[in-house]
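Visitor: I am new to this structure. Could you show it to me and walk me through a few of its contacts?

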Amino acid sequence: MPALLRRYFPFLNWPRPTAAELAADARAGFTLGLILVPQAVAYAMLAGMPPITGLYAALVPPVISVLWGSCQLLGAGPVALTSMLVAGSLAGLAAAESARWVELAIWLSLMAGAIQILIGATRLGMVVNFLPGAVVGAFTQAAAVLIILSQLPAMLGLSWSAARTAMAHGDAAGVLASIDWPAFAFGVGTLVFLVALKKHSKRLPIVLAAALATGVISWAIGYGARGGAVVGALPAGLPQFTVPKLLDWEDYRSLLPAAAVIALVSFVEALSSAKTISRSTRKRWDENQEFIGQGLAKLASGLSGAFPVSASFSRSALNLFVGARTGWSALFAFACVLASLLFLTPAIAHLPRAFLAAVIIVPVTNLIAPGFFVRLWRTSRPEACIAAATAAATLVAAPQLQWGVLAGFILSLGYFLYQRSHPRIIEVSVHADGTLRDRQRFGLPPLAEDLLAVRMDAALSFVTANQLEHFIIERCRAEPGIRRVLIYAGPINSIDVTGVDTLTYIIGTLRDQGVSVYLAGIKKQVEDVLETAGVIRLLPAEHVFRTEREAIEHLRAA
């Protein structure tokens with residue numbers, strides 16, 4: 001088979017599955033599909049979308065993700081964090097579950113998918129490294145808190161507007177009257193059931209069991225017919241794959257920042273899942289190909305009339321735990337969702353919304369880990385402050401959650417630039433092990449009475465060059481006895497034009513003051529630039545040393 005064909009259709013590289021592998025994949029796929037169906041409906045409602053679009057997003061996109069991705073066991077589909085980002089991004093632009101909202105969500109999925117495909121096709125998968133772990137972790141936990149708070153009223157059967165009015169008047173009876181007690185029983189009962197059996201969730205489809213129980217009880221007591229909050233009638237059948245109509249240019253401008261955030265944040269979730277699976281199965285994965293797979297899944301979701309999807313950490317872990325071997329497990333999960341769309345929508349219509357709220361809340365609680373901030377504080381206080389600011393910005397900006405990510409990114413970038421513009425520049429001398437070490441830290445005598453030995457632990461660039469120049473020139477002015485300056489360049493991995501100009505200036509200025517300059521330990525890539533720029537020729541050959549040991553022996557002897 002042509003290599004080009006395998007490149008554009010990576011699933012053609014899959015080995016032929018054995019009967020044992022297919023049996024394991026069938027068990028895992030059906031287990032995953034049974035859990036995915038109620039979760040998909042719940043996450044659609046979290047995204048402000050019609051419940052049926054959750055099943056649309058859970059049908060074809062997970063299969064596309066596996067076929068064109070690089071990690072066959074990723075459990076893609078609707079997820080809580082991406083759904084919350086959709087709801088926050090569209091808040092204020094339309095009414096939830098309206099035709100306008102659905103239209104914008106579809107384009108949000110298409111735009112986020114196109115961004116991911118572009119990143120993967122141009123081999124820029126490392127772009128996710130520009131979102132530091134501290135920022136992503138803080139944003140995820142703040143978003144988890146917001147998700148829980150947004151679902152609590154529905155889970156408790158609470159009419160928030162009526163309860164708030166009653167609380168303002170100190171009317172306790174009015175607060176109790178604002179609660180729909182059957183909904184309270186459905187929501188809290190589901191919560192207790194799922195939490196109590198949480199440790200068995202990887203072996204038993206407890207979400208499906210809760211869905212069956214609440215659905216049957218809701219139908220038996222006529223909860224929906226009495227005006228209770230249920231999913232309601234759903235259209236049966238497959239989604240219609242169509243290209244949505246074009247929006248106004250202003251709409252695209254409004255959606256673009258949110259689409260970019262969804263593309264990156266959702267991939268970070270996929271990234272963590274793929275890394276875990278790769279370590280467990282000891283199979284390599286390609287982040288650029290995964291970007292393409294996740295992007296195509298979002299395109300498929302948008303063309304299905306649904307919202308952006310992503311890889312679910314919990315479902316991916318479940319897929320691995322229950323014994324999935326290959327990507328064929330996604331096809332068996334597809335069969336479950338397909339059967340639900342064709343035959344089970346009348347049953348799903350009876351599910352109480354309080355049950356769906358509990359289904360959202362329970363897995364999201366796993367994202368909240370206060371110890372994360374404690375570990376950050378112990379490891380790096382600046383990063384801990386950035387994480388705290390990210391979490392605070394996310395909470396304040398709600399429901400526009402993307403501003404929390406952007407705030408964290410800007411703070412991290414500022415801290416990164418601050419660090420790079422304040423490099424570690426120290427005076428060094430000979431340590432007992434024969435190497436050049438920090439003179440102040442180890443209490444070392446000078447290498448020689450008339451010698452200043454300097455080391456900078458950074459690249460010599462436009463960001464750092466001025467700092468090195470000031471350090472050397474000011475020390476020579478403050479100590480007239482310095483007649484020789486050694487620049488130990490071992491830690492300098494790169495140099496730019498500004499660095500070349502600065503080094504030339506230092507050599508010329510000190511020469512005019514009768515001070516000789518020496519260079520030692522220059523790396524090849526730096527030496528090549530200095531040779532091309534003619535800087536090396538400004539120094540006598542005996543002033544340039546290959547190693548620090550040569551420099552120590554020569555300068556001490558002199």
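Visitor: Which residues in H17 do Gly133, Ala134, Gly137, Ala138 and Gln141 in H7 meet?
Guide: This is a predicted model, where local features need pLDDT of at least 70, side-chain atom pairs count only at pLDDT 80 or more, and totals for chains, interfaces and linings use all residues. Residues are numbered from 1 along each chain as its sequence is written, and side-chain values use heavy atoms, leaving out hydrogens and water. Helices are DSSP runs (H or I, at least four residues), numbered from the N terminus, and contact means heavy atoms within 4.5 Å. On the H17 side, the residues met are Phe372, Phe373 and Leu376.

Visitor: How do H7 and H17 run, roughly parallel or roughly antiparallel?
Guide: Helix H7 (residues 133-156) and helix H17 (residues 371-379) pack with their axes 10 Å apart, at an angle of about 155 degrees. Axes are lines fitted to C-alpha atoms over the stretch in contact, with angles from 0 to 180 degrees between N-to-C directions. Angles under 35 degrees count as roughly parallel, over 145 as roughly antiparallel, 65 to 115 as roughly perpendicular and the rest as oblique. Therefore H7 and H17 are roughly antiparallel.

Visitor: How many aromatic pairs are there?
Guide: Rings of Phe, Tyr and Trp (its six-membered ring) pair if their centres lie within 6.5 Å; planes under 30 degrees apart count as stacked, over 60 as edge-to-face and the rest as tilted. By this rule, the count is ten.

Key:
Helices (H or I, at least four residues) and strands (E, at least two) are DSSP runs, numbered from the N terminus.
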